[in-house]
Amino acid sequence: MEMSIQNVLKNMWQDYLVLNPEAQRVVDTLLAEGESIVNDHIALRTFNVGVVALGECAKPFLSMGYEEKKSYFFEAKKLRARHYEHKADPSIPKIFISELLVDELSTEFQDIVSSLVSHISADQVQQSNFFFSGRPWNVSLSQHETLLKESDYGAWMAAIGYRPNHFTVLINNLKKYSDIHTLNDFLKSKGFELNSSGGEVKGTPHVFLEQSSTLANRVEVEFTDGKKEIPSCYFEFAKRYPLASGELYQGFIAKSADKIFESTNTHHASQ
């Protein structure tokens with residue numbers, strides 16, 4: 001059964017809250033201040049392998065009215081990404097999909113990922129519920145550890161699966177907290193921990209985008225041979241600035257996103 005984009009987004013949000021209930025607390029805290037929340041974008045992750053490659057994962061969104069906009073490359077993290085915008089309704093959040101370039105990692109790493117992805121059919125990926133379907137494979141702690149040595153992102157994918165990595169509050173829509181530094185200070189005063197990798201604020205008005213994010217909270221994940229607490233999801237905040245045309249910049253800045261990805265790094269996430 002195909003769902004409307006509104007239903008897909010609603011289900012993704014509910015699924016994300018299971019892993020990151022703190023996001024609801026952020027929303028409630030801002031609502032209590034009289035703010036209204038607009039979601040700027042949702043970030044999704046995958047491997048560049050077969051049926052789950054970025055282009056395949058994007059197809060359900062294209063069929064729901066999205067169009068491809070820009071591509072990004074993260075050399076150090078071996079990631080490629082694209083962002084998509086809804087053609088008919090700009091108020092619908094952007095979708096940012098990244099993929100790990102598995103072929104640039106060790107043979108052992110590639111073998112583990114291939115064995116995981118072999119559990120997924122092309123048909124599954126094309127369902128509108130794929131990105132809130134969770135982890136479609138079993139994975140052992142030793143496999144997770146092996147992946148973690150080479151890529152935090154790869155280990156996260158193996159453990160968490162196909163679920164939103166983060167949602168994003170559009171700071172431009174806030175009234176009291178429309179300045180990112182003011183917002184960050186407010187969130188910290190309420191006990192939220194922020195990702196300080198590369199500084200709490202990534203980007204500047206000069207590149208038309210400033211971003212900050214909470215640190216991923218930790219969740220206990222079931223592996224085939226035990227349980228382990230790992231970083232799950234985080235909440236991002238984005239302030240967009242107008243281009244010369246007067247329109248707000250809608251893209252992303254690779255250098256900033258590079259540091260935002262680290263919100264789920266094992267050594268960053270709050271203990």
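**Exercise 1. A residue with an unusual phi**

Task: In this predicted model, find where F208 lies and decide whether F208 is buried, partly exposed or exposed.

Solution.
- Step 1. Locate the residue. F208 sits in the loop between α8 and β6.
- Step 2. Check the backbone. F208 has a positive phi of about 70°, although it is not a glycine.
- Step 3. Put that in context. Most residues other than glycine have a negative phi.
- Step 4. Classify the exposure. The relative accessible area of F208 is 28%, so F208 is partly exposed. The limits are under 20% for buried and over 50% for exposed.

**Exercise 2. A second case**

Task: Which loop holds K78, and what is the sign of its phi?

Solution.
- Step 1. K78 belongs to the loop between β2 (66-74) and β3.
- Step 2. The phi of K78 is positive, about 55°, and K78 is not a glycine.
- Step 3. K78 has 25% relative accessibility, so it counts as partly exposed.

**Exercise 3. One side of a helix**

Task: Which residues of α8 are buried, and why can they be placed on the same side?

Solution.
- Step 1. List them. In helix α8 (residues 180-189), the buried residues are I180, L183, N184, F186 and L187.
- Step 2. Look along the axis. These residues cover an arc of only 165°, so they lie on the same side of α8.
- Step 3. Recall the helix rule. An α-helix has 3.6 residues a turn, so residues three or four places apart point the same way.
- Step 4. Find the neighbours. The buried residues of α8 pack against α2, β6 (209-213) and β9 (234-240).
- Step 5. Inspect the ends. D179 caps the N-terminal end of α8, with a side-chain oxygen 3.0 Å from the backbone nitrogen of H181. Just after α8 comes G191, with a positive phi of about 95°.

**Exercise 4. Another helix**

Task: Repeat the analysis for α4: which residues are buried, and what do they pack against?

Solution.
- Step 1. Helix α4 (residues 107-117) buries F109, I112, V113, L116 and V117.
- Step 2. Their arc around the axis is only 130°, so they share the same side of α4.
- Step 3. The buried residues of α4 pack against β1, β4, α6 (141-150) and α7.

**Exercise 5. Two kinds of strand**

Task: Which faces of β4 and of β7 are covered?

Solution.
- Step 1. Start with β4 (residues 94-100). Here 7 of 7 residues are buried.
- Step 2. Split β4 into faces. K94, F96, S98 and L100 lie on one side, I95, I97 and E99 on the other, and both faces are covered.
- Step 3. Find the partners of β4. Strand β1 (residues 39-47) runs parallel to β4, with 7 bridges. One bridge pairs I42 with I95. Strand β3 (residues 79-86) runs antiparallel to β4, with 6 bridges. There R80 is paired with E99.
- Step 4. Turn to β7 (residues 218-223). V219, V221 and F223 form its covered face, while R218, E220 and E222 form the uncovered one.
- Step 5. Find the partner of β7. Strand β8 (residues 226-231) pairs with β7 in the antiparallel sense over 6 bridges. V221 has K228 as its bridge partner. A hairpin through 2 residues joins the strands.

**Exercise 6. Salt bridges**

Task: How many salt bridges are there, and which parts does the pair D15 and R163 tie together?

Solution.
- Step 1. Recall the idea. Side chains of opposite charge can pair when their charged atoms come close.
- Step 2. Count. The cut-off is 4 Å between nitrogen and oxygen, and the total is 15 salt bridges.
- Step 3. Take D15 and R163. Their closest N and O atoms are 2.9 Å apart. D15 lies in helix α1 (residues 5-19) and R163 in the loop between α7 (152-160) and β5 (166-170), so the pair ties together parts 148 residues apart in sequence. Both residues are buried.
- Step 4. Take E22 and R25. Their salt bridge spans 3.7 Å, N to O. Both lie in helix α2 (residues 22-32), 3 residues apart, about one turn. R25 has 40% relative accessibility, so it counts as partly exposed.
- Step 5. Take K227 and E222. Their N to O distance is 3.6 Å. At 47% relative accessibility, E222 is partly exposed.
- Step 6. Look for a network. Salt bridges link D40, K94 and R240.

Methods:
Residues numbered from 1 in each chain as written. Predicted model: local features only at pLDDT ≥ 70, side-chain atom pairs only at ≥ 80, totals over all residues. Heavy atoms only, no water. Buried < 20%, exposed > 50% of the residue type's maximum accessible area, 1.4 Å probe, protein only. Helix = DSSP H or I, 4+ residues; strand = E, 2+ residues; numbered from the N terminus. Pairing = 2+ DSSP bridges. Salt bridge = Lys/Arg side-chain N within 4 Å of Asp/Glu carboxyl O. Arc of directions from axis to C-beta. Contact = heavy atoms within 4.5 Å. Polar contact = N/O pair within 3.5 Å; in protein donor to acceptor, adjacent residues only side chain to side chain.
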